[in-house]
Amino acid sequence: MNYEPRTFSIPTLEGISQKSVDEHLQLYQGYVKNFNAISQKLVEYGMEDSEKHAHALAELVRRRSFEFDGMRLHELYFAQFEGGAKPLDAQSPLGQQLAGEYKGFFLQYFKAVGNMRGPGWALLYWDPVAGQFLVGFSGEQHQGHFATLPIILAMDVWEHAFLLDYGAVGKAKYIDAFIANLNWDVIAQRFETARAQ
Ligand SMILES: [Fe+2]
């Protein structure tokens with residue numbers, strides 16, 4: 001089946017320009033389009049002579065998870081801005097779990113992970129087996145994931161997310177702007193869903 005790009009109602013953001021958001025949304029739509037295109041090709045190659053197409057098949061199978069993860073991570077990313085900035089409720093389960101694990105240093109830690117060199121994503125996962133969070137860095141968007149764990153918070157730190165507004169050395173400023181625009185109600189709801197699984 002073909003995947004459809006989602007639409008988002010994103011308010012005016014502080015420190016992240018409308019032009020940057022619009023271009024970023026176009027990149028997101030490109031992931032959906034490429035995922036569909038590769039999926040279609042794989043049907044063809046799989047049904048035809050898969051031995052004859054072995055090299056193309058191998059490349060496309062690998063490439064497809066890159067496109068899929070780009071699609072889903074951007075959906076998590078843009079949804080976090082919907083409804084406008086709302087602070088984290090310290091009394092909520094999410095607020096209490098973060099405070100219990102990170103002793104007030106969560107944002108500092110998460111920002112430092114996001115500021116690592118190289119394109120990728122800083123991600124907060126919930127591990128229901130251990131009952132704790134894991135912060136990770138996915139290189140590009142398909143490497144370094146914690147398999148099966150739901151993602152609670154997703155921060156895009158590819159250059160395309162900040163180059164327009166802050167230049168090539170402006171990642172830290174973009175990260176501050178990203179955090180300031182978050183609707184923590186959305187993130188808290190993801191935690192509730194993940195905990196209930
Ligand atoms: Fe992106």
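User: Which residue of β2 stands opposite aspartate 127?

Analyst: Glutamine 132 does. Before we go on, please note that this is a predicted model: local features need pLDDT of at least 70, side-chain atom pairs count only at pLDDT 80 or more, and totals for chains, interfaces and linings use all residues. Residues are numbered from 1 along each chain as its sequence is written.

User: What makes β1 and β2 a pair of strands?

Analyst: Two strands pair if DSSP finds at least two bridges between them. Strands here are DSSP runs of E with at least two residues, while helices are runs of H or I with at least four, and both are numbered from the N terminus. Eight bridges join β1 (120–127) to β2 (residues 132–139), and the two run antiparallel. Set against the cut-off of at least two bridges, they therefore count as a pair. Further along, leucine 123 is opposite glycine 136 of β2, and tryptophan 126 has phenylalanine 133 as its bridge partner there. Four residues lie between the strands of this hairpin, where glycine 131 has a positive phi near 70°.

User: How do you know how β1 and β3 are related?

Analyst: Five bridges join them, and they run antiparallel, so the rule of at least two bridges is met here too. Alanine 122 is bridged to methionine 155 of β3, and tyrosine 125 is opposite isoleucine 151 of β3.

User: Why are β2 and β3 called edge strands?

Analyst: The open sheet has three strands in the order β2-β1-β3, with antiparallel pairing. β2 and β3 each have a single partner strand, so one side of each lacks a neighbour in the sheet. On average, neighbouring strands are turned by 15° against each other, ignoring direction. For such angles, axes are lines fitted to C-alpha atoms (for helices, over the stretch in contact), and the values run from 0 to 180 degrees between N-to-C directions.

User: Which strands does α2 touch when it packs on the sheet, and what angle does it make with β3?

Analyst: α2 touches β1 and β3, and its direction makes about 95° with that of β3. Touching here means a contact: two residues whose C-beta atoms, placed from the backbone, lie within 7 Å. α7 also packs on the sheet by touching β1 and β3, at about 140° to the direction of β3.

User: Why is β1 called largely enclosed?

Analyst: A residue is buried if 20 or more other C-beta atoms lie within 10 Å of its own, exposed if 12 or fewer, and partly exposed in between, with C-beta atoms placed from the backbone. Seven of the eight residues of β1 are buried, so the rest of the structure largely encloses this strand. β3 is mostly covered as well, with five of its six residues buried.

User: What makes up the largest nonpolar core?

Analyst: Such a core is a set of buried Ala, Val, Leu, Ile, Met, Phe, Trp, Tyr and Cys residues joined through C-beta atoms within 7 Å. The largest one has 25 residues, and Trp121, Leu124, Ile152, Ala154 and Met155 touch the most other members. At least two residues come from each of α2, α3, β1, β3, α6 and α7. β1 gives the largest share, six residues. Another core of six residues lies apart from this one, with Tyr28, Tyr31, Val32 and Met71 among its members.

User: Why is lysine 103 called exposed, and how does glutamate 140 count?

Analyst: Lysine 103 has 8 other C-beta atoms within 10 Å, which falls under the exposed limit of 12 or fewer. Glutamate 140 has 14 such neighbours, so it sits between the two limits and is partly exposed. Lysine 103, in the loop between α3 and α4, has a positive phi of about 50° without being a glycine. Glutamate 140, in the loop between β2 and β3, is likewise not a glycine and has a positive phi of about 55°. For context, most residues other than glycine have a negative phi.

User: How do you know where the domains lie, and what joins them?

Analyst: The bounds, from an automatic or database domain assignment, are 18–79 for domain 1 and 93–196 for domain 2. Their centres, taken over C-alpha atoms, are 23 Å apart. Their contact takes 13 residues from domain 1 and 12 residues from domain 2. On the domain 1 side, α1 (18–47) and α2 (54–79) each supply at least two residues, and α2 gives the most, with eight.
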